[in-house]
Structures are given as C-alpha cells and as structure tokens.
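Please open the structure in your viewer and keep the sequence beside it, since this tour moves from one selection to the next. At each stop, make the selection before reading on.

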Number of protein chains: 2
Amino acid sequence: MLSQKCKYALQALLILARQAGDELLLVSDIAERENLPKKFLEAILLELNRNGLVRSRRGRGGGYALAKPADLITFGQVVRIMDGPLAPLSCVSVNYYRKCDDCRDELTCEIRKVMRRVRDAVAHELDGTSLAQAVAEGRGRALLEG
Amino acid sequence: MLSQKCKYALQALLILARQAGDELLLVSDIAERENLPKKFLEAILLELNRNGLVRSRRGRGGGYALAKPADLITFGQVVRIMDGPLAPLSCVSVNYYRKCDDCRDELTCEIRKVMRRVRDAVAHELDGTSLAQAVAEGRGRALLEG
DNA sequence: GTATTTCCTATCGGTAAACCATGATATAAT
DNA sequence: ATTATATCATGGTTTACCGATAGGAAATAC
C-alpha cells in the first residue's frame with residue numbers, strides 16, 4: 001500500500017501538471033485545494049524538489065512548479081522517491097537491489113521468481129504512466145501514448 | 001514490500017507443498033530447514049491454519065500439512081492473509097475495499113485509475129500462481145498451467 | 001500419566017508513519 | 001532598509017505496526 005505521503009505527492013504533482021505554463025503555486029494553495037495538511041505537504045514538495053521533479057522560488061511571489069514537462073514525470077519516479085522500491089522483495093528490485101538476509105540461493109528461489117514477475121508488472125504500469133497521461137485520461141480520453 | 005511474516009509463510013508453505021502425501025511436518029523441522037525463528041513460525045502457521053490453508057494435529061506425532069492440494073493454494077491467498085490487500089490503494093482493492101478518507105470523487109480520481117491497473121496486474125500474477133506451479137517451476141520447467 | 005506438540009495470550013523493543021512547532025533564509029514590494 | 005511573504009531546515013511527538021519471544025493451556029500418542 002502506498003503511504004499517505006506518496007498519495008499527497010501525486011495529488012500535488014497532478015495539480016501542478018494541470019497548471020499550464022510556468023505559473024508558480026503556493027504550498028498553501030495546493031494544500032487548500034486538495035485538503036492536505038500544509039506543513040506535511042511542505043516537506044513533501046521539498047523532497048520532490050531535492051529529487052528534481054519540482055522547482056521552487058522562495059519569498060514573496062514564490063511557490064512551486066514542475067521542473068520538467070508533465071510527460072517526462074512518471075508515477076514510477078514519484079513512488080520510488082516517496083516509498084522506495086516498487087518490488088515486493090528487495091532481491092527483485094532493479095533500482096534498490098539488496099540480497100535477502102537469509103537466502104541460500106537466489107537463482108533457485110521460487111518465491112523470487114514469482115515476485116520478479118510482480119515487480120515487472122508493477123513497474124510496467126507505473127513507469128509507463130506519466131502525469132500528462134493521467135491528466136489526459138482524467139479529461140475523458142487518453143490523448144498521449146507513451 | 002512483503003513483510004517478513006509473509007515471506008516466512010510462503011517458505012513454509014512451499015516446503016509443505018513439496019512434501020508429498022499427507023505426512024505431517026513439525027514446526028521445528030520447518031524452522032530448522034529454512035532457518036526461520038521457530039516461535040514466530042508457530043504463530044504464522046497458526047494463522048494459516050485459522051484461514052484454512054493448512055491443517056494440523058497436536059500432540060505426539062502431530063504437525064502441519066497443507067489443507068488442500070497445492071494447486072489450489074495461490075500466492076494471492078497467502079499474501080492477502082498475511083499482509084492484507086494487494087492493491088496500492090484501499091479504494092481499488094477488490095477484497096478489502098475502503099473509500100479513501102478524503103476523496104471527493106472516486107470516479108474522476110486519476111490516481112485511482114492508475115492504481116487500479118496496478119492492482120489488476122499484481123492480482124493477475126499472484127492469483128495466477130499456485131504453490132504447485134512455483135514448485136514445478138523450481139524443478140526446471142512449469143509442468144502445470146493454471 | 002507423561003512426553004510431545006500445537007494452541008493461546010501477553011508482552012516488548014525497535015522503527016517508521018504522519019504530523020506539528022519553531023525558526024532560519026531567500027525574495028519582492030514598499 | 002524594512003517588512004511581509006514563502007520556502008528551507010531541524011527536531012520533536014504521537015501512534016501504530018513489525019518482528020520476535022515467553023509462558024503456559026490444551027490435545028494427543030505411547
């Protein structure tokens with residue numbers, strides 16, 4: 001299950017994605033629009049900023065915007081930043097691989113084989129869906145294929 | 001990510017699945033073979049018992065065996081018992097559906113649409129793989145299709 | 001009736017999730 | 001410059017869950 005943090009991140013990013021142009025949005029505005037806890041959202045956007053998905057300006061007239069076009073930001077990127085590996089087992093993770101503590105032989109582990117397929121299926125969906133696609137889909141029809 | 005508990009459960013069940021016939025296996029034997037904490041495994045098998053995946057007999061000569069043929073027990077069943085919903089959001093869960101706390105309209109939520117596909121992909125893999133298939137696959141080739 | 005083995009309840013330390021409070025720092029308008 | 005406005009940084013709180021263990025009750029075989 002996705003963390004609350006990750007859900008909030010996706011909500012915020014989708015709002016920014018819908019915001020055409022380079023207009024900056026305030027944390028408080030996003031929080032209000034989506035009913036998110038403001039301080040928590042602040043921390044989330046900060047993390048997204050450090051990871052290059054979002055850019056910011058501080059001080060009066062400041063705020064947040066996407067750091068790149070919405071079709072270059074995928075759900076997979078967001079989930080990995082917020083919640084870590086997509087894989088159900090670290091030993092089948094591509095981006096966060098780590099051997100299982102007590103595994104005698106990774107190559108013959110039946111659980112691993114199954115979970116590898118799960119990981120691939122999840123990654124296929126999440127890495128294959130961008131913010132732009134999700135927004136378009138929400139408008140009634142998927143206009144962008146990726 | 002799967003919990004440790006769930007991993008242990010799958011390991012134990014695969015051992016039982018490999019055990020032909022109705023021979024009972026001791027908790028201590030399973031624990032020893034797979035290097036699992038015995039007391040913890042005890043609790044896990046108890047839970048699997050209460051959920052009908054496993055049957056037991058107590059006292060001398062007692063132990064555990066699968067409650068039904070290995071091709072009728074799927075990874076999906078096990079994961080749901082141990083870790084709950086497969087879905088990344090409760091609002092897209094089929095077996096554990098629950099509305100998101102702060103969702104204004106479930107039907108237009110873009111995040112939900114994406115996560116629904118993820119859920120389906122995961123369920124397809126896990127519900128489509130039985131203990132028997134995993135064991136067969138481990139022997140080099142999948143002999144059973146389901 | 002005694003040894004064996006599962007069943008049941010309770011507990012515990014550690015860790016992470018979800019926030020909140022406070023203040024520092026950068027920016028723009030006055 | 002000063003002030004109002006925002007983001008940035010740090011640290012704490014509360015709650016809940018995860019992984020595991022302890023101790024004994026209940027059932028079964030010999």
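By class, how many nonpolar, polar and charged residues does the surface near DNA strand C have? As you look, keep in mind that this is a predicted model. Colour that surface by class, and you should find eight nonpolar residues, nine polar ones and eight charged ones.

Now select DNA strand C itself together with its surroundings: 25 residues surround this strand, and the closest are Ser3(A), Gln4(A) and Gly59(A) from chain A, with Ser56(B) and Arg58(B) from chain B.

Next, show the helices and strands, and ask which of them supply at least two residues each of the surface near DNA strand C. In chain A these are helix 1 (4–18) and helix 3 (38–50), while in chain B they are helix 3 (38–50) and strand 2 (63–66). Pause at helix 3 of chain B, which gives the most to this surface, with four residues.

For the next stop, select Asn35(A), which you will find in the loop between helix 2 (27–34) and helix 3 of chain A. Its phi is positive, about 60°, although Asn35(A) is not a glycine. Most residues other than glycine have a negative phi. Is Asn35(A) buried or exposed? Asn35(A) counts as exposed because 11 other C-beta atoms lie within 10 Å, and the cut-off for exposed is 12 or fewer.

Finally, move to Asn35(B), placed in the loop between helix 2 (27–34) and helix 3 of chain B. Asn35(B) has a positive phi of about 60° without being a glycine, and it is exposed, with 11 other C-beta atoms within 10 Å.

Technical notes. Residues numbered from 1 in each chain as written. Chains lettered and ligands numbered in written order. Predicted model: local features only at pLDDT ≥ 70, side-chain atom pairs only at ≥ 80, totals over all residues. Near = placed C-beta within 6 Å. Nonpolar A, V, L, I, M, F, W, Y, C, P; charged D, E, K, R; others polar. Buried ≥ 20, exposed ≤ 12 C-beta atoms within 10 Å, placed from the backbone.
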